[in-house]
Amino acid sequence: MRKFMDLRIDIRLNGSRHVAGVLKGYDQFLNIVLDSAIEIFSKDEKRDLGTIVIRGNSIVLWECLDKVI
């Protein structure tokens, strides 16, 4: 996970929620902190969330949107 710090990630959560943002921190339970987070409802509908914490057990899938060095 360390190599994904400060990169943009896309996260799918249970309950069909979709969030994207910059990974700023994590812990051993995969709880993560996202900065500049947005919630995506559809292609045209988005909501700014700012800095958020997401519990690891609610993450279904995540994807890095930036190139990993």
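Let's start in the loop between strand 2 and strand 3, where you'll find Leu 30. Before going further, please keep in mind that this is a predicted model. What catches the eye at Leu 30 is the backbone: phi is positive, about 65°, although this residue is not a glycine. As background for that, most residues other than glycine have a negative phi. And is the Leu 30 side chain buried or exposed? Neither, quite: its relative accessibility is 28%, so Leu 30 counts as partly exposed.

Now let's look at what that loop connects. Strand 2 covers residues 17–26 and strand 3 covers residues 32–40, and the two pair in the antiparallel sense through six bridges. Together they make a hairpin, with five residues between the strands. If you want to find the register on your screen, Leu 23 has Leu 34 of strand 3 as its bridge partner, and Val 22 stands opposite Asp 35, also in strand 3.

Carry on along the chain and you meet another hairpin. Strand 3 and strand 4 form this one, again with five residues between them. Strand 4 spans residues 46–54, runs antiparallel to strand 3, and is joined to it by seven bridges. A handy landmark here is Ile 32, which sits across from Ile 54 in strand 4.

So how do the strands line up overall? There are five of them in an open sheet, in the order 4-3-2-1-5, and the pairing is antiparallel. Which strands sit at the edges? Those are strand 4 and strand 5, each of which pairs on one side only. Going from one strand to the next, the twist averages 30°.

Next, the interior. In soluble globular proteins, nonpolar side chains tend to be buried together. Here, the largest nonpolar core has 14 residues, and the ones with the most contacts inside it are Ile 9, Ile 11, Val 19, Ile 32, Leu 34 and Ile 54. Every strand takes part: strand 1 (8–13), strand 2, strand 3, strand 4 and strand 5 (59–64) each supply at least two residues of this core. You may recognise Ile 32 and Ile 54 from the strand 3 and strand 4 hairpin, where they stand opposite each other.

Ile 9 deserves a moment of its own. Leaving aside residues up to four places away in sequence, Ile 9 touches a good list of partners, including Val 19, Ala 20, Leu 23, Ile 32 and Leu 34. Trp 62, Glu 63, Cys 64 and Leu 65 are also among the residues Ile 9 contacts.

That brings me to Trp 62 and the aromatics. How many aromatic pairs does a search of the whole structure find? One. It is Phe 4 with Trp 62: the ring centres are 4.9 Å apart and the planes are at 85°, so the pair is edge-to-face. Phe 4 belongs to the segment before strand 1 and Trp 62 to strand 5, so this pair ties together parts 58 residues apart in sequence. The partners also have their own burial labels: Phe 4 has 15% relative accessibility, so it counts as buried, while Trp 62 has 28%, so it counts as partly exposed.

One last stop, in that segment before strand 1, which is where Asp 6 is placed. Asp 6 has a phi near 65°, a positive value in a residue other than glycine. With 49% relative accessibility, Asp 6 counts as partly exposed. Thanks, everyone!

Definitions and conventions: Residues numbered from 1 in each chain as written. Predicted model: local features only at pLDDT ≥ 70, side-chain atom pairs only at ≥ 80, totals over all residues. Heavy atoms only, no water. Pairing = 2+ DSSP bridges. Helix = DSSP H or I, 4+ residues; strand = E, 2+ residues; numbered from the N terminus. Core = buried A, V, L, I, M, F, W, Y, C linked by side-chain atoms within 4.5 Å. Buried < 20%, exposed > 50% of the residue type's maximum accessible area, 1.4 Å probe, protein only. Contact = heavy atoms within 4.5 Å. Axes fitted to C-alpha atoms, helices over the stretch in contact; angles between N-to-C directions. Phe/Tyr/Trp six-rings, centres within 6.5 Å; stacked < 30°, edge-to-face > 60°.
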